[in-house]
Amino acid sequence: MTETTAVAPPPATPERRPARSAGDRVRFVLRGVGQTLITLGLVVLLFVVYEVWITNLFAAREQKKVTQALIKEWQKENALALPGSQDPTVPIGTGLGILYIPRLGRDYHFTIVQGSVIPDDAQLEQGPAHYKNTALPGKVGNFAVAGHRVGKGEPFLNIDKLRSGDAVIVETRSAWYVYRVLGTPAGKNPGSVHEDVKVAAGGTVSLPGREIVDPSAGRVLDPVPDHDGMQPASALMTMTTCHPKFTASHRMIVYSKLVTKVANEAALKMPASVLALYDEVKA
Amino acid sequence: MYTWIWRHLPGPVAVKLVQTLVLVALVSALLLFVIFPWLEPHLPINQVTVPGNK
């Protein structure tokens, strides 16, 4: 704090209060300015604490609620409103599946909530949120999910650590869907490698595993991302978050493609073939 | 401002110190749980979505 007081003259004797001279008045004003600046600095620091720590506490509570509700729903005989059940409309703000990413650790799991057409703040505080009008997990088309990068549970904090070919697992009541981050060969920075993805018209389009786009780039949510009007033949998944961290200047987009589907026989109990995916990232 | 507050707190130094800590805690709580949550959506940080297109 010394740098702030540098503008002030040597400290006056604050406790004694004789008649004020002109110099005293100057000192008084300068001290007021200095203290205000220091206070503002502390408030900004506190905001950082709030943003990276306190918001996580709130979000963890929301995420826990939505996860418990989802598990309860899965245990019902006739679970309604879930992918894989008769009625695929999931109410906004309720869980639709659980996301696991082996690269981000064995304890990494988040319940994905149904969001609006553009997921709003309340939904994103609950967990990663599904863009309502995009495909559901495992379906041909583009299953798109937005998630916070810093604070608010920060589900996508380390999404830049994903490499091409990494598994991204989505559990719904009916199945375990294993997606893999686009890009060949596997193990590369997904921003620098592409992969051919089949489209309905026949042939393929080449998509990167990751891209940094403008905040207005709604095209990344297209059934075939970045290819407006094209009909899909593959089940893709798109994850969106902010980039760089703490800012709103760009969005980081990670694409993956469905490679396997394993029937979900016991909720939250990973089948061996899915569990084996965690061994891939031990290195 | 801080000098003024300190002068107007009653009691001996130890008591003043306790009151100061309570004041700091109150102001922090007000910021963390009321002001920041209100302020945050208005700031250009942590926006993670792109426009939904259908």
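Select A:S164 to begin, in the loop between β4 (141–146) and β5 (167–171) of chain A. Strands here are DSSP runs of E with at least two residues, helices are runs of H or I with at least four, and both are numbered from the N terminus. The model is predicted, so local features need pLDDT of at least 70 and side-chain atom pairs count only at pLDDT 80 or more, while totals for chains, interfaces and linings use all residues. Residues are numbered from 1 along each chain as its sequence is written, chains are lettered from A and ligands numbered from 1 in the order in which they are written, and side-chain values use heavy atoms, with hydrogens and water left out.

A:S164 counts as buried because its relative accessible area is 1%. Buried means under 20% relative accessible area, exposed means over 50%, and partly exposed lies in between, with a 1.4 Å probe and protein chains only. Show the contacts of A:S164 beyond four places in sequence: among them are A:V181, A:P185, A:K188 and A:V193. Contact means heavy atoms within 4.5 Å.

**The first cis bond**

Go next to A:P185, in the loop between β6 (175–181) and β7 (194–198) of chain A. A:P185 is partly exposed because its relative accessible area is 47%. Leaving out residues up to four places away in sequence, A:P185 touches A:S164 and A:V193. The C-alpha atoms of A:P185 and A:R163 are separated by 10.0 Å, with their positions 22 residues apart along the chain. Now look at the peptide bond that joins A:T184 and A:P185: this bond is cis, with omega about -5°.

**A second cis bond**

Select A:H243, in strand β10 (residues 235–243) of chain A. A:H243 counts as partly exposed because its relative accessibility is 22%. The peptide bond from A:H243 to A:P244 is cis, with omega near -10°. A:P244 itself is in the loop between β10 and β11 (250–263) of chain A. Around A:H243, apart from residues up to four places away in sequence, the residues touched are A:R149, A:I212, A:S249, A:H250, A:R251 and A:M252. For a distance across the chain, draw a line from A:H243 to A:K188: they are 55 residues apart in sequence and 20 Å apart in space, C-alpha to C-alpha.

**Two positive phi values**

Most residues other than glycine have a negative phi, and most peptide bonds are trans. Select A:E154, in the loop between β4 and β5 of chain A, where phi is near 35°, a positive value in a residue other than glycine. A:E154 counts as partly exposed because its relative accessibility is 23%. Then move to A:D226, in the loop between β9 (210–213) and β10 of chain A. A:D226 has a positive phi of about 70° although it is not a glycine, and it is partly exposed because its relative accessible area is 24%.

**Chain A as a whole**

Colour chain A by secondary structure to find 4 helices and 11 strands. Of the 283 residues in chain A, buried residues make up 47%. Among contacts in chain A between residues at least 6 apart in sequence, 55% join residues at least 24 apart.

**Where the chains meet**

Show both chains: 43 residues of chain A are in contact with 25 residues of chain B. The area buried between chain A and chain B is about 2,800 Å², and carbon and sulfur atoms give 60% of it. In chain A, A:L46, A:F47 and A:Y50 lose the most area to chain B, together 19% of what that side buries. Buried area is the accessible area (1.4 Å probe) that two parts lose on being put together, summed over both.

The structure holds 6 aromatic pairs over all chains. One of them is A:F47 with B:F36, an edge-to-face pair with 4.9 Å centre to centre and 80° between the planes. This pair crosses between chains, from helix α2 (residues 22–75) of chain A to helix α2 (residues 13–39) of chain B. Rings of Phe, Tyr and Trp (its six-membered ring) pair if their centres lie within 6.5 Å; planes under 30 degrees apart count as stacked, over 60 as edge-to-face and the rest as tilted. Both A:F47 and B:F36 are buried. Add A:Y50 to the selection, since ring pairs link A:F47, A:Y50 and B:F36 into a cluster.
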